[in-house]
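Open the structure in your viewer and keep the selection tool at hand. The tour goes stop by stop.

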Amino acid sequence: MKNLDIAVIGSGIGGSLISALNKNKDLILFEKDKNLGGCASTFKRNAAYFNAGATTFVGYENNHPIKNIFDKVGIIPNILESKIAIRTIQNKKIVDRVQDFEEFLTNLNSVYYHKNNRIFWQTIKDIDEKFWKLKNIYYAKYSLNAYVKTVFFIRELIKEFGFLLFKTADGYINEILPNITKEYKSFINAQLLITLQTNSKDLSLLAMSLGLAYPFHKVFYSLGGMGKIIEDLLKDVNVQNKEEIISIKKEANNYRLISTKDEYLASKVILNSAIFESSKLFLDENIKKYYDKFSFSDQSAFVVYLKLDTREKLLHHYQIILEDNIPNCISNSFFISISDINDEKLSKDGYSITISSHSKAIFWEGLTKDEYEAKKELTQNFIIKEFLNNFENIKQENIKTLFSATSKTFYRYINRSNCGGKPITTKTIFQLPSCNTPFEGLYNVGDTIFAGQGWPGVAIGVDVLNKELNKI
Ligand SMILES: Cc1cc2nc3c(=O)[nH]c(=O)nc-3n(C[C@H](O)[C@H](O)[C@H](O)COP(=O)(O)OP(=O)(O)OC[C@H]3O[C@@H](n4cnc5c(N)ncnc54)[C@H](O)[C@@H]3O)c2cc1C
């Protein structure tokens, strides 16, 4: 039995950032998998490396929570800027999302012309810029101090955004871009699905702005894979990988943790497991009940991994938008991430490619092994066919390694079949779990709690958690 102050359960972006910030404390980070990073890990298969999920790194800029955290930890990530953040291709028509507003607008107008494009996209950019300048981003519960800070944040939001806060995304699109074409709307929704897990019909204007504006920030590629950033963050942290926490029991002043290898007593526990998966860890009925309140959000990913034997010059990111949904997916688009040609680890013996689309866990349940494999192959082949359709110089023979992952794969490796958290919509915003809980010393971090998914969303949650944890 070992005694410690803080047990962090999971090395996803959230678990890793909070551990790095508190690395000087008596802290252990437990990770079930061999690789660190969860959805943002990099893994090895057949002597080649692949990014499991996340590939874009956004928010490493002054006054942004991500940069602030990296500076506090004393880490400079080994990153390269992606000058063209994403190249979207729809019906062979190309729009490059670049940071420069005028250049982007020219690109956009050449494909999706609308006389109000400038007003629409300038508003999106302005709202996003204002959001990241807010001083008091906070959302926590269960103590007077937390409620006061949350109210302060809401007051600041209302002061900055006023009536815009109450506008819906679709309302705004219809008002500013009347008679928008189906193709143009599909271009907008395809990006919202990647960043916010839903489309404009469920979102507020504020959420849509944050989702659409990310390529107006610098977008980075991580050399050596996304997992390299996580490994760098955890360099001085006591990490126990391949050690899963299987049960937790609250005692008078501690939590008793049983892992696959040992037993621990910790005064504080930070869970980086998806919120829907946390209940089953606890032996205490009241803690179980608390976690059971958060209903499962069935948003998952279908991911294809391939190794491509070509020296063709390729960008880091493409998004292909199709007419109809991909089989066994809930999206008509897929996102392609390609290793940088000079990345010695990922691009050794060809490009390493991660292609992802949105699916549901339920699509992959209740199947026999043969049914599951057949369904997976159908989806994979469909995506590959469309991928090749959009890259004239890449041929089937260039594909050297090919395999894919569903919600089942994600569950097997990182204990979650939902990938991407619950969409923050106009309806769900106040049901979002906070980083603290009604139980002294028990905290949450990650993309299923405030403020949502990806590096920027999880980093905001980490920032609030760090203040709650250290009573700042
Ligand atoms: C396909 C895909 C593409 C994406 N692309 C991007 C992108 O380009 N850019 C971006 O910013 N975001 C992207 N995202 C979103 C981003 O990856 C996630 O929001 C983020 O990585 C989630 O971090 P998290 O802190 O919630 O941890 P998770 O990734 O959920 O990791 C949790 C970790 O906890 C571990 N764990 C769970 N239970 C236990 C236990 N009992 N004991 C020990 N360990 C445990 C798991 O093994 C896992 O490693 C993408 C996501 C997916 C799925």
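What follows is a walk from the ligand to a pocket, a hairpin, a cis peptide and the cavities. Keep in mind that this is a predicted model.

**Stop 1: the ligand**

Select the ligand and the residues around it. The shell holds 35 residues, and Gly 14, Glu 31, Thr 56, Arg 416 and Asp 447 come nearest. By class, the shell has 13 nonpolar, 16 polar and six charged residues.

Which backbone atoms lie by ligand oxygens? A polar backbone atom of Gly 14 is 2.8 Å from an oxygen atom of the ligand. For Ile 13, a polar backbone atom is 3.4 Å from a ligand oxygen. Now show side chains and pick Asn 272. An N or O atom in its side chain sits 2.9 Å from an oxygen atom of the ligand.

How much of the ligand's accessible area does the protein cover? On its own the ligand has 1000 Å², and the protein covers 93% of that. Colour helix 1 (13-21), helix 12 (407-414) and helix 13 (454-469): these are the elements that give two or more residues to the shell.

**Stop 2: the second largest pocket**

Stay with helix 12. With five residues, helix 12 gives the most to the lining of the second largest pocket. That pocket encloses about 490 Å³ of space. Its lining counts 20 residues; Phe 43, Arg 45, Phe 403, Thr 409 and Tyr 413 lie nearest the centre. Add strand 3 (42-45), helix 11 (369-390) and strand 18 (399-405) to the selection, since together with helix 12 they are the elements that give two or more residues to this lining. The lining divides into nine nonpolar, five polar and six charged residues.

**Stop 3: a hairpin**

Select residues 84-90 and 93-98. These are strand 7 and strand 8, which run antiparallel and are joined by six bridges. Label Arg 87, then look across to strand 8: Asp 96 stands opposite.

What lies between the two strands? The hairpin has two residues there, and Asn 91 in the turn has a positive phi of about 50°. Select Lys 92 next, in the loop between strand 7 and strand 8. Lys 92 is not a glycine, yet its phi is positive, about 70°.

**Stop 4: a cis peptide**

Go to Phe 450 and Ala 451. The peptide bond from Phe 450 to Ala 451 is cis, with omega near 10°. Ala 451 belongs to the loop between strand 19 (442-444) and helix 13.

**Stop 5: the cavities**

Rolling a probe the size of a water molecule over the atoms shows where empty space is left. How many cavities of 30 Å³ or more does the structure hold? There are two.

The largest cavity has a volume of about 60 Å³. Select its lining, which includes Asn 51, Tyr 221, His 316, His 317 and Leu 346. Strand 16 (333-338) and strand 17 (351-359) are the elements that give two or more residues to this lining. Strand 17 gives the most, with three residues. By class, the lining has four nonpolar, eight polar and no charged residues.

The second largest cavity has a volume of about 30 Å³. Among the residues lining it are Glu 81, Lys 83, Val 98, Pro 215, His 217 and Lys 218. This lining has four nonpolar, three polar and three charged residues. The tour ends here.

Technical notes
Residues numbered from 1 in each chain as written. Predicted model: local features only at pLDDT ≥ 70, side-chain atom pairs only at ≥ 80, totals over all residues. Heavy atoms only, no water. Near = heavy atom within 4 Å. Polar contact = N/O pair within 3.5 Å; in protein donor to acceptor, adjacent residues only side chain to side chain. Areas by Shrake-Rupley, 256 points an atom, 1.4 Å probe, with all protein chains shown as cover. Helix = DSSP H or I, 4+ residues; strand = E, 2+ residues; numbered from the N terminus. Nonpolar A, V, L, I, M, F, W, Y, C, P; charged D, E, K, R; others polar. 1 Å grid on protein atoms, 1.4 Å probe; cavity = no way out; pocket = protein on both sides within 12 Å on 5 of 7 lines; lining within 4 Å. Points joined across faces, edges and corners; volume = space filled by probe spheres on them. Pairing = 2+ DSSP bridges.
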